[in-house]
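The paragraphs that follow walk through one chain, moving from a single position outward to the elements around it. Please keep the sequence and the model in view while reading.

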Amino acid sequence: MQQKAIVKELLPNGGAVIAVERKSACSGDCDSCHGCAHQTEIVTVTAHNDAGAEPGDKVQVESETGRVLRLALLLYIMPMILMIGGYLLPFVQGNWKVLAAFLGLGVGIGICVIYSGYMKKKNDMTFHITYVLEKKNEA
């Protein structure tokens, strides 16, 4: 997946802090639907600075698509699967099925929260600056 970003600062490990505009589900093409109710969100992440970009540069950023899809599967699908699994437990009967379903959903969301904290603490860079689109002093 490729995105455009702006380099905010350089890190001593050869990485960079970048600001990426988070796209909404509609891909951010507001002209096609004559307006947008979604606010623009800027996400700050770290990236490998493979292109030697400097602070203020507008850059092309690539992320590992497979990893992003696995995380999306974890965050969106797993809680639903656990909810359905809780409802379909064979030894749970009657109104307890609804409680088991919500318990499964809660466990799924809890796993997502714990994994998200682990990923933040690990600070694993999944973005790579592939090339500089526009130098700061050229703007």
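With a relative accessibility of 43%, V107 counts as partly exposed, because that category lies between the under 20% of a buried residue and the over 50% of an exposed one. In this predicted model, V107 has its place in helix α2, and its C-alpha atom is separated by 8.6 Å from that of M83, although the two residues are 24 apart along the chain.

The two helices can be taken together next. Helix α1 covers residues 65-87 and helix α2 covers residues 96-122, and their axes come within 5 Å of one another while crossing at roughly 160°. Since angles over 145 degrees count as roughly antiparallel, α1 is therefore described as roughly antiparallel to α2. The crossing in which α1 passes α2 is right-handed, and the residues of the contact between α1 and α2 divide into 18 nonpolar, 3 polar and 2 charged.

Helix α1 can also be considered on its own. Its 23 residues, at 1.5 Å a residue, should span 33 Å, and because the C-alpha atoms at its ends are 33 Å apart, the expected and the modelled spans agree. Along its course α1 bends by about 40° at I77, and a proline, P79, follows within four residues of that position. P79 is also one of the buried residues of α1, the others being R67, L74 and G86.

Beyond the helices, what pattern does the chain follow when read along the sequence? The order is β-β-β-β-α-α-β, in keeping with a chain that has 2 helices and 5 strands. Strand β5, residues 127-134, contains H128, which at 24% relative accessibility counts as partly exposed, because this value is not under the 20% that buried residues require. The C-alpha atoms of H128 and N49 are 6.3 Å apart in space, whereas the two residues are 79 apart in sequence.

For the chain as a whole, 25% of its 139 residues count as buried. Neither of the two positions followed here belongs to that group, given that V107 counts as partly exposed and that H128 likewise counts as partly exposed.

Terms used
Residues numbered from 1 in each chain as written. Predicted model: local features only at pLDDT ≥ 70, side-chain atom pairs only at ≥ 80, totals over all residues. Heavy atoms only, no water. Axes fitted to C-alpha atoms, helices over the stretch in contact; angles between N-to-C directions. Parallel < 35°, antiparallel > 145°, perpendicular 65-115°, else oblique. Left-handed = near helix turned anticlockwise from the far one by under 90°. Nonpolar A, V, L, I, M, F, W, Y, C, P; charged D, E, K, R; others polar. Expected span 1.5 Å × (residues − 1). Bend = angle between axes of the 7 residues up to and from the residue. Buried < 20%, exposed > 50% of the residue type's maximum accessible area, 1.4 Å probe, protein only.
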